[in-house]
There are 2 protein chains.
Amino acid sequence: MALTVKGRATRQRIIEGAAVYLRGDEPGEVTLDDIRAITGTSKSQIFHYFPGGKEELLLAVARHESERVLEDQQPHLGALTSWAAWERWRDAVVARYRAQGRNCPLGSLMSQVGGTPGAAEVIGALLTSWRAHIRHGIERMQATGEIRPSLDADRLAAAFVAGIQGGVQVLRSSGSTWHLEATLDALIDHLRGV
Amino acid sequence: MALTVKGRATRQRIIEGAAVYLRGDEPGEVTLDDIRAITGTSKSQIFHYFPGGKEELLLAVARHESERVLEDQQPHLGALTSWAAWERWRDAVVARYRAQGRNCPLGSLMSQVGGTPGAAEVIGALLTSWRAHIRHGIERMQATGEIRPSLDADRLAAAFVAGIQGGVQVLRSSGSTWHLEATLDALIDHLRGV
DNA sequence: CCAAAAATGGACCGTAAGGTCCACAAAGGG
DNA sequence: CCCTTTGTGGACCTTACGGTCCATTTTTGG
């Protein structure tokens, strides 16, 4: 037996506790002691469940957080079938990041675990999936004739992903969602042919 | 006299040495010893010229690097007066960031100095100036009738800035400029009304 | 019920890294 | 030419933090 019920629970508690900490006010640099304190665990437990140490733990947290990103955009992201739906999605994205404020848990994570193998993979998988959803939405609108077929759905989806990333990054340093909204609106206008 | 000629030179050498280091292969976390080694200075000199320690030094480096960002886009960025000029600018941006590769000196800097007062200010000033240049370009094209006047120049300029930021961020984790190009092209197409 | 495996607590260690101090060298300026 | 200011070298200090170890408790499975 590798992990008992209790063991799985503890492991999960560590991941979620770390995630909570990262969503807090002062992320900066997470230390194992921060995580230890917030999760009520001991050093040995962290290394017991994450033999690879801090790096492995942070990567697990990144995976956990990256799942939330797309979930928070649902159900809108999965049903971009009308202009109204696009607007709802847009608003959901803006609301989500406005609520998150200057703290981007994933961003903090990536800056701490950035170079390691696996980090790029996590972020890459997220971006790919994100882009696929948007591309899917564009293609459906093209099928119904609401978006001209001459547009490259995949490439525009990539533009959305990059635009959102950038908007969020600006948000992190400026505290305002203005750039994010401007980018989303510009790209949606472009889809509409306005 | 606060700083002699020799003093100014040393101070500058420290800043530029740090910048060189950040542009190198393994930025991750800069340490004062890294900087000391690459600039051939001693600890006391660093603290002599930057009494605020690491934070003040890194902020100075960030200011130094942030100047390079717009310079590297000149003269194109300052003369967005025709569609050909926009394309040249687009290519210059892509080329610049492709050459930079996965290393974004400013990005590394911001992740290390992010929370401190002054950091946001440096990045904010850069983004504002960048946006102003682009807005200016859009307005000139509107004046000549090549861009429809119904478009909000300032907001679209913000979209460009955010889009580039995001494209570069994706580049940092994926190593590809594809997203960056997709975003720039989408926004330029939108300006063109394509 | 008992031995083996898993979970937990926490003292302890090693080191990297920022920062301090002080002695000495080199300009500067009157 | 000498005194004051500025520049430089580098030993040293302190702390934070990742990681190790082992003793103890709890759970598991036969």
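Contact here means heavy atoms within 4.5 Å. The legends below describe close-up views of a predicted model.

**Figure 1. The contact between chain A and chain B.** Chain A brings 31 residues to the contact, and chain B brings 31 residues. The size of an interface is often given as the accessible area lost when the parts come together. Here the area buried between chain A and chain B is about 2500 Å². Carbon and sulfur atoms give 62% of that area. On the side of chain A, the residues that lose the most area to chain B are A:Arg155, A:Trp178 and A:His190. Together these three make up 22% of what that side buries.

**Figure 2. Polar and charged pairs across the interface.** Between chain A and chain B there are 2 salt bridges. In one salt bridge, B:Arg155 pairs with A:Asp185, and the closest N and O atoms are 2.3 Å apart. Polar contacts across the interface of chain A and chain B number 6 residue pairs, both residues of a pair being at pLDDT 80 or more. Three helices of chain A each supply at least two residues of the side that touches chain B: helix 7 (119–143), helix 8 (153–174) and helix 9 (178–192). Helix 8 of chain A gives the most to this side, with 14 residues. Sorted by class, the side of chain A that touches chain B holds 14 nonpolar, 10 polar and 7 charged residues.

**Figure 3. A close-up of B:Arg131 in helix 7 of chain B**. B:Arg131 has a relative accessible area of 18%, so it is buried, the limit being under 20%. Its neighbours within four places in sequence are left aside in this view. Beyond those, B:Arg131 is in contact with two residues of chain A, A:Trp178 and A:His179. In chain B, B:Arg131 is in contact with B:Asp154, B:Ala157, B:Ala158 and B:Val161.

**Figure 4. A close-up of B:Leu126 in helix 7 of chain B**. Helix 7 of chain B spans residues 119–143. B:Leu126 is buried, with a relative accessible area of 7%. Once its neighbours within four places in sequence are left aside, B:Leu126 is in contact with B:Ser66, B:Val69, B:Leu70 and B:Leu106. B:Leu126 and B:Ser66 stand 60 residues apart in sequence, and their C-alpha atoms are 6.5 Å apart in space.

**Figure 5. Cys104 in chain A and chain B.** A search of the whole structure finds 0 disulfides over all chains. The closest cysteine sulfur to that of A:Cys104 belongs to B:Cys104 and is 16 Å away, which is too far for a bond because a disulfide needs the sulfur atoms within 2.5 Å. For B:Cys104 the closest cysteine sulfur is in A:Cys104, again at 16 Å and too far for a bond. A:Cys104 is buried, at 13% relative accessible area. B:Cys104 also counts as buried, at 13% relative accessibility.

**Figure 6. Salt bridges in chain A.** Side chains of opposite charge can pair when their charged atoms come close. Over all chains, the whole structure has 28 salt bridges. One of them joins A:Arg68 and A:Asp72, whose closest N and O atoms are 3.9 Å apart. A:Arg68 is partly exposed, with a relative accessible area of 27%. A:Asp72 counts as partly exposed as well, at 32% relative accessibility.

A further salt bridge is formed by the side chains of A:Glu87 and A:Arg192, at 3.3 Å from N to O. A:Glu87 lies in helix 5 (residues 83–100) of chain A and A:Arg192 lies in helix 9 of chain A, so this pair ties together parts that are 105 residues apart in sequence. A:Glu87 is partly exposed at 27% relative accessibility, and A:Arg192 is partly exposed at 37%.

**Figure 7. A helix-to-helix pair and a salt-bridge network.** The side chains of A:Arg135 and A:Asp154 meet in a salt bridge, at 3.9 Å from N to O. A:Arg135 is in helix 7 of chain A and A:Asp154 is in helix 8 of chain A, and the pair links parts of the chain 19 residues apart. A:Arg135 counts as partly exposed, at 28% relative accessibility. Elsewhere, salt bridges that share partners form one network. Its members are A:Arg90, A:Asp91, A:Arg98, A:Glu181, A:Asp185 and B:Arg155.

Technical notes: Residues numbered from 1 in each chain as written. Chains lettered and ligands numbered in written order. Predicted model: local features only at pLDDT ≥ 70, side-chain atom pairs only at ≥ 80, totals over all residues. Heavy atoms only, no water. Buried < 20%, exposed > 50% of the residue type's maximum accessible area, 1.4 Å probe, protein only. Buried area = accessible area lost by both parts, 1.4 Å probe. Salt bridge = Lys/Arg side-chain N within 4 Å of Asp/Glu carboxyl O. Polar contact = N/O pair within 3.5 Å; in protein donor to acceptor, adjacent residues only side chain to side chain. Helix = DSSP H or I, 4+ residues; strand = E, 2+ residues; numbered from the N terminus. Nonpolar A, V, L, I, M, F, W, Y, C, P; charged D, E, K, R; others polar.
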